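I set down here what I looked up in this structure, entry by entry. I began with strand pairing, then turned to the ligand, and closed with the backbone.

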Amino acid sequence: MPETATAPAWAIPGYLEAREGRLFIDGADSAALARDFETPLFVFSERRVRSNVERLKAAARGVNHPVRFFYASKANSTMGLLSVIRDAGIDCEVNSGGELFKALRAGFRPDQIIFNGTSKTGREIDEAVGAGIYSINADSVYEIELIEARARALGKRARVALRLVPEIGTRSHLGLQTALMTSKFGITSSEVLDAFRRALRSPEHLHVTGIHIHVGSQTPDVEPFAAAFKTMWEHLKTIHGESGHALEHINLGGGIPVNYLRDRSQADELPEGEREMLGAELEPTEVLAAALQAARDSARDASAEHLLEGVTILLEPGRSVIADAGVLLTTVRNIKRRPETGDVWLLTDAGFNLLLSMTTYKWYYHVVSATRADAAADEPYKVAGPLCDSGDVYFDIERGGRLPDYRKLPPGVRPGELLALLNTGAYTIAQMFPYNGRPLPAVVLVREGGRPELIRRRDTYEDLLASEVW
Ligand SMILES: *Cc1c(COP(=O)(O)O)cnc(C)c1O
């Protein structure tokens, strides 16, 4: 619970607060930020990013086993944030040549980088092998051979791990589950041992270092992580028994959830499954402890214990590092009351081109008034973005009931009022696009001590033309 009885449920002391009636982000007044930088505007808290990283590191210290964290940069690869994350002391996971380029530019050393992906090009593999990164995670037997061929051509030895797809379901969105046989990712259990044998046949060009499963994003329970770890651990033992080759790491992927429902005032309007998934509280310590326990339960003999001691556990957290460190500020630009329904519509300047998950996965982002942050929010409004597209609404246009039909805000919201969409740091900026000729927004990072710093300027109209040849 918040420290004072009057603090709103969404507040996080020291980071997200209602002061003088306004939303303050790490000591910076959201109204002043909106005035100085215009809206829509993404605002991040450096302190919150660092505390999220610290929570991961504390979990690693807690299990007393070697653990490394590779931040999944697809969640948000804004350079200013990548450098905060690097400085906070964790490593980086990339999914494309572009993300590899950005990670290296942000100052991650090659030995701090993992490259995942289903469709790597020869050029991307060359870049990864050439840089000498920590691990290229091969997604198929074909790709093992491709990596070997490129490494041979470059006269190098690539560090590779194999990505496995076991049949492990989670209670997250189907689009976010990646360990099902129907998922496009990875090598199946029946093929994986042959795949390892294949990779181990080319020791001069492939250094086989690990095994990987990513069960999916926003995974609310510990069991899928434990099951994934157990599967990988058993394969690791088999490979060791067969060839004497000891893998260096087991990579449990990402998926540590974020609680998007700290304010539960509209939680009852979500279907039960969504509510449990979006409101998940799962500590990284629990994930690591359950994984180690699963391995220990499956083999208690001394040689297995010894083998386990030599294995570094990797995690690839994305969302849990960055989602709740970001807020999207948006201004109400238009209002209408429909006589037939009695609905009051608020039209904002933040559409699904900035919040793609709100439309693809009907993701719930809690909305508050930033200028009346401590007022009772009990008035229902239809809320929608600015795009010329009926799907650009803050409710479930397909009537699936996966988002509340109305958003609750203080009475009497008028055009000009500043709203804030909370927990919008992950999978937003990384996916935004200039639909409708809308220049992409600025991003501000509030430094420790409350000083706002522009880390991405707002696009101009000229930027809309920058890549066009005409
Ligand atoms: C997306 C992804 C992640 C990050 O998932 P989060 O839910 O953001 O933690 C990690 N690893 C892989 C392979 C991914 O595809």
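Two strands count as paired here if DSSP finds at least two bridges between them. I keep in mind throughout that the model is predicted.

**Entry 1. The pairings of β14**

I first looked up β14 and β15, residues 344-348, and found them paired in the antiparallel sense over five bridges. Within this pairing, R337 stands opposite V344 of β15. I then examined the connection: β14 and β15 form a hairpin, with six residues between the two strands. In that turn, G342 has a positive phi of about 75°.

I next followed β14, residues 326-337, to its pairing with β4, residues 41-45. These two strands are antiparallel and share four bridges. I noted V43 and its bridge partner in β14, V327.

I also found β14 paired with β19, residues 418-421, again in the antiparallel sense, over four bridges. Here T331 stands opposite L418 in β19.

**Entry 2. The sheet of β1, β2 and β3**

I asked in which order the three strands of this open sheet are arranged. The order is β1-β2-β3, and the pairing is antiparallel. Because β1 (16-19) and β3 (28-29) stand at the edges with a single partner strand each, one side of each has no neighbour in the sheet.

I looked more closely at β2, residues 22-25, which pairs with β3 in the antiparallel sense over two bridges. The bridge partner of F24 in β3 is D29.

**Entry 3. The ligand and its surroundings**

I asked which pocket the ligand takes up. The space it fills is the largest pocket. I then listed the 16 residues around the ligand and recorded those that come nearest: K74, S217, E316, R319 and Y427. By character, the shell divides into three nonpolar, eight polar and five charged residues.

I went on to the contacts with oxygen atoms of the ligand. From K74, a polar side-chain atom lies 2.7 Å from a ligand oxygen atom. From R319, a backbone N or O atom lies 2.8 Å from an oxygen atom of the ligand. From G255, a backbone N or O atom lies 2.9 Å from an oxygen atom of the ligand. I also checked the cover: taken alone the ligand exposes 390 Å², and the protein buries 96% of that.

**Entry 4. Backbone geometry in two loops**

Before checking individual angles I noted the general expectation. Most residues other than glycine have a negative phi, and most peptide bonds are trans.

I asked whether the peptide bond from T39 to P40 is cis or trans. It is cis, with omega near -5°. I located P40 in the loop between α1 (30-37) and β4.

I then looked up R399, which has a positive phi of about 55° although it is not a glycine. I placed R399 in the loop between β17 (379-384) and β18 (407-409).

Definitions and conventions. Residues are numbered from 1 along each chain as its sequence is written. This is a predicted model: local features need pLDDT of at least 70, side-chain atom pairs count only at pLDDT 80 or more; totals for chains, interfaces and linings use all residues. Side-chain values use heavy atoms; hydrogens and water are left out. A residue is near a molecule or strand if one of its heavy atoms lies within 4 Å of it. A polar contact is a pair of N or O atoms within 3.5 Å; within protein, one must be able to donate a hydrogen and the other to accept it, and residues adjacent in sequence count only if both atoms are side-chain atoms. Accessible areas come from the Shrake-Rupley method with a 1.4 Å probe; for residues, only the protein chains shown count as cover. On a 1 Å grid over the protein atoms alone, a cavity is a set of points where a 1.4 Å probe fits but cannot get out, and a pocket is an open set with protein on both sides within 12 Å along at least five of seven lines; lining residues have an atom within 4 Å of a point. A molecule sits in a cavity or pocket if more than half of its atoms lie within 2 Å of its grid points. Ala, Val, Leu, Ile, Met, Phe, Trp, Tyr, Cys and Pro count as nonpolar, Asp, Glu, Lys and Arg as charged, and the others, Gly among them, as polar.
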